[in-house]
Structures are given as structure tokens and as C-alpha cells.
Amino acid sequence: MSKPTMFSSGVELGNLLLSSDLLLHSWDAIVQLYRETPPNHDPTSPLSIKCRVHPQSPIGTIISFVSSPPCTPQYLQAQGRDLLASSDALAKNFPLFQFVGTKVNPTFSLHRAAVSLFYSLQDQLSLLKTQYEKTRPLIVTGHSIGGSIATLFTLWLLEAVPPTDKERPLCITFGCPLIGDTGLQQAISERPTWNSCFLHVASNKDPIPRLFTSPQNERSTESGYKPFGTFLLCAESGFACFEEPESALDLMVATNSDGVGNGGPHEGAQMFCYGEILEKYKHGVICRGVSQLEENDFTPLQMGIFIQIAPINVETTQRRLENVDINSLITKIERTKDLAARKRKVFNPEKKLNEMKINMTYVEWFKKVSVPLGGYYDIFRNERSTRREEIVKRKTILTHYWVKMVNEAEKRPQKEGKFFLIRCLYGGNNYRRIVEPLDIAEFYKKGKKDYLTQRSDHYKLLEKWMEDEKSKGNQGNAEKRNRACSLTEDSCFWAYVEEAMISCELLKNGETNLETKESLRAGLVKFEDYVMDLVRKYAVSTEIFLEQSSFMQWWKDYKKIKGASYRSSLADFMNNCKYKQYA
């Protein structure tokens, strides 16, 4: 099968953002906050964070963050590029962000200076969170290290947003330094709805966004700071917009020496004005370098990447640096986009759910036609036929799907994992109750014992999650059933039957010692109680009482062992044929 053609939509996305006034209104809120903040241009003064709520903005409520005095590269360099790992200092001193870690990516790191500033105004931010966490639309914006605070505050807001909510706060930063490492990037990418809530605007004339991406420090691009979210990279001649943060990182590194980041001690003291360049974009920008497309044999994706990066002078920069040529950069970005596309195409349960319903229909049909023959459990366990082979195939497909489904839900963050599964949970419960008995039949058909000790984890988790839903009262009146269910509630019922049959066989053979016999008898009494509990709740299917069923075979053997005078709730139920009225 040929690989589908890929295209780059960055130009369209960038134009959409710039035509919406979203960025201009966000920047205006930042400028307004700077004007209201008493001027302080002393670079030796301690840095503090100022914030303001703009409730009457045309685009919704805006919360803006800036620093006083304005943050400079020298301040960030003086504070150090240290990262706080969640496994040590972050967990002990700044536990607020532990929710960001996931089962797959439990360890992540945050910029020490940004986290310290955030905690310095935690009381104020807690109040803001309480007041505005449900406000929509809500824009959280910030400039320079104020953007770092905006990012952390947005993460904190997102932690409380139910996965079912379609509207979420949007974070827009201008000239913001990177704030985390690969662990943070991957933890955010596990939550696609979170990743899309961050938009970072960075100019090639602003040294701060590139401060932690310097090619002079190779660690920064390999094991140090990593971006997340969508990036709009700006230059006088145009912009490039990338939803793949690694592509943005490649471009920031490629343009890092456009005369910035290597200046004197006062470089960066003057704040870069994003308003001017955004206004210029709004009135139209001519993309440079498009005529050069004829000189290259580009794929549609490569052509789209070239059109995106040409306006930000990447080629000029790389020539001056005598670095890799633009074709190499395009190829690198192409690989990043291809990888991102493949990640987005990973298992989509809802998309395949209808296909799984078709496979379930085959198994349900088999169950229905097996009733006159002795019940689908025993027919599947004992017969050899083309019909059985078809059911084995369908069962395998279903199991493969639900194993992937459960694994995907399990590795996601707790809230998103539950939402990821909840709409399919009842389908999973139905699958477990009808397919696991077939797995049990195959297991004991091979002469094995103790199925429960070897039970698949995906069955255990499906059962656990369903029990959790029941405990919340989301199962309706299942516990008040007044007639037999069509599927036995406990999908392991037949495993208990098989083990009871094995116990009876051991007792009949008489080859066990007294202690073992007592243990087997106690286990069988416990099994009796288990069956009667299901019967009283109408939680067992009538199929178990078919004359040819394994359960009825067990009862005949057990009755012989216990003798005609034996009395118990189950003995009364069976000996008086009450099971014939069970329905």
C-alpha cells in the first residue's frame, strides 16, 4: 500500500491566527499591563511578576502576566538554566505540578526560576484560578518570563478541566523561554487536548525564546529544554507556523545567530515589540523565496515546509554560519512531521468501535444458536467445526482491539484515561462477559488449571473500571434485577465451574490426603454459596441449567459425593427443580 501524500498546513494555520485578531488583542493586554506597572529599568532589581484580568476584551476574558523590571537574557542567565526534576527537588519543594506526570512519563523537569516566581504569588494565582477557571473564552497570556508564568498557570487550570469539556483556556505567550525538558514535552503530548492549548509567538530578533536552545550548548537540543504546543516564528519578512514543537526547535536553533543572543551586556534590555510585526502581518506579508521552488525537486510536504520557512531567512542564516544547507533542514522537519503524523494515527478506539460491533454480532449469533445444543460455553469447548474456527477468528480480533484499548487508557493520565474509555466501557463490559468464557473454555480444553491466576490484565481492568462505575451509581438498576440476565455477570463463572469439577474428580479418585480433602470440600461449599448469590441476584444466565452444561454435570457429580441427605440452599434449589422456573 502506497504511503499517503502529506502536506504542510502551517501557512494556512498562521494566516488564520493572524487574521483573527487573537494575537493582537493578547499583545494589547500585555502592553496595557506594562503601562500600568511602575517603570523599573534597573537590571539589578529583584524580578517580580505582575498580572491583570481584562474582562472586557473583544476575544473574551484575558489574564496577562509580565515581569518588573522587564526580563532580560542576563537575568535568566544569572538565574541559571537549572531544571528541577519532579523526582527530587520539584516533588519536595514544589509539589503543585506533580499532576503533570503520567504513568508513561512520570518524571519531568521545569525551569527553576519560573517555578520559583510562580510559587511566590501562589496565593494570588489560587484566587484567580477559583474565580476564572470556568470562564470561557479565557485567554492566558504573558511576555518573556511572564509567558512562563502564563504557561504554568494554564497547566494548573487544565488539570481541573473535565475531559468532556470542549472549551478550554488558551495560553498565548510572546518571547517566552522554554520551561521544561523532554519529560514535560512527552507528558503534555500524551494529552492532545492540552498540547493544543498553547501557542507561542517568537521573533528571530528576540533573544529570550532562543536562550535555552543555543547551538553552543549541545545539551539544550538533546537532553535539556524542549518545547511543546504550537509555535509562530516571526521575522520582518514573514512567519512560519508549526504544530510540531520539534520542528519549531530546529528552526529556532537554525536562526539563533541572526545577530541575537551573542551581544554585549545590555543586549535584550529593550523589549521587543510584537505589536508592530503583528500589525504588519495583518496587512499582508509577501513570502520570499517562492521562486526558488523551481530549482528544487520537492515533494508536496517539502514544498509546504519551504514556503513556511523561506520568509524567516533560514537560508541566509545558514549560509552565514556555513552550517547545513536548507535542504537538510527541510528533510529534518519533514521527518518530524511524518513522525508526528504517525503518532496521531495511533490506535483510535472510537473509530474502530463500529467494526468491533460487527465481530461481536458473530459471537452473539454463535451464542444464540448454541442454546439448543447445550449452551455456547460447552459447544465452544467441545466441538470442532468451521463455525467454531470463525468464532475463534472473531474472538481474536476483538481481544486484540480491547487489549490495545485498555493499554491505551491505562497509560494515559488518570482523568483522560477514564474519559478515553468511558464511552466504550459498556461495550467493553459486554465483550468481557461474552468472550472471556470462550477464553476459559480454550484454557481448560488444553488440560490447564487455575485460570484465575493467569487471567489477562485487560479483563481485570475492564471489570475493575465497571465496578468503579457501579459504585458511583452509574449502572442504573442492575442490582435490582428481577429476571435472569442473558449473559452471566461474572465472566469468570465458568472458570469456577471448571475448578469445582476438578475438585470433585479429585475427591472421587480418593488419592488425596485428609487435609487436602477438607480443603477441597470447603472450596466446594464456597462455590455453592457463590452460585446461589448469583442466582438470587438473577446475575447468572439460564444456560448454566441446560442439561448438557458443565455446571449440570458438576452438580450431578457433587450430589453423589455429598449424598441424598445433604442440605444446603443450592441443594434445595437444584433437588426441587426450582432452576426450571429460573428465568
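Q: How many strands form the open sheet here, and in which order do they come?
A: Read a sheet by walking across it, strand by strand. In this predicted model, the walk takes in 7 strands, in the order β1-β2-β5-β6-β8-β10-β11, and their pairing is mixed.

Q: Why is one side of β1 and of β11 left without a neighbour in the sheet?
A: Look at the ends of the order. β1 (48–54) and β11 (238–242) stand at the edges and each has a single partner strand, so one side of each lacks a neighbour in the sheet. As for twist, neighbouring strands here are turned by 15 degrees against each other on average, with direction ignored.

Q: In which sense do β6 and β8 pair, parallel or antiparallel?
A: Check the bridges between them. Strand β6 (residues 170–174) runs parallel to strand β8 (residues 198–203), and the pairing spans 4 bridges. To pick out one spot, find T173: H200 in β8 stands opposite.

Q: Which strands does helix α11 touch?
A: Now look at what packs on the sheet. Helix α11 (residues 245–254) does, touching β10 (230–235) and β11, and its direction makes about 25 degrees with that of β10.

Q: Does L128 count as buried or exposed?
A: Compare its relative accessibility with the cut-off: under 20% is buried. L128, which lies in helix α6 (residues 122–132), comes out at 8%, so L128 counts as buried.

Q: Which residues is L128 in contact with, leaving aside neighbours within four places in sequence?
A: Those are C51, V53, I63, E133 and F153. Take I63: L128 and I63 are 65 residues apart in sequence, yet 8.9 Å apart in space, C-alpha to C-alpha.

Methods
Residues are numbered from 1 along each chain as its sequence is written. This is a predicted model: local features need pLDDT of at least 70, side-chain atom pairs count only at pLDDT 80 or more; totals for chains, interfaces and linings use all residues. Side-chain values use heavy atoms; hydrogens and water are left out. Two strands pair if DSSP finds at least two bridges between them. Helices (H or I, at least four residues) and strands (E, at least two) are DSSP runs, numbered from the N terminus. Axes are lines fitted to C-alpha atoms, for helices over the stretch in contact, and angles run from 0 to 180 degrees between N-to-C directions. Contact means heavy atoms within 4.5 Å. Buried means under 20% relative accessible area, exposed over 50%, partly exposed in between (1.4 Å probe, protein chains only).
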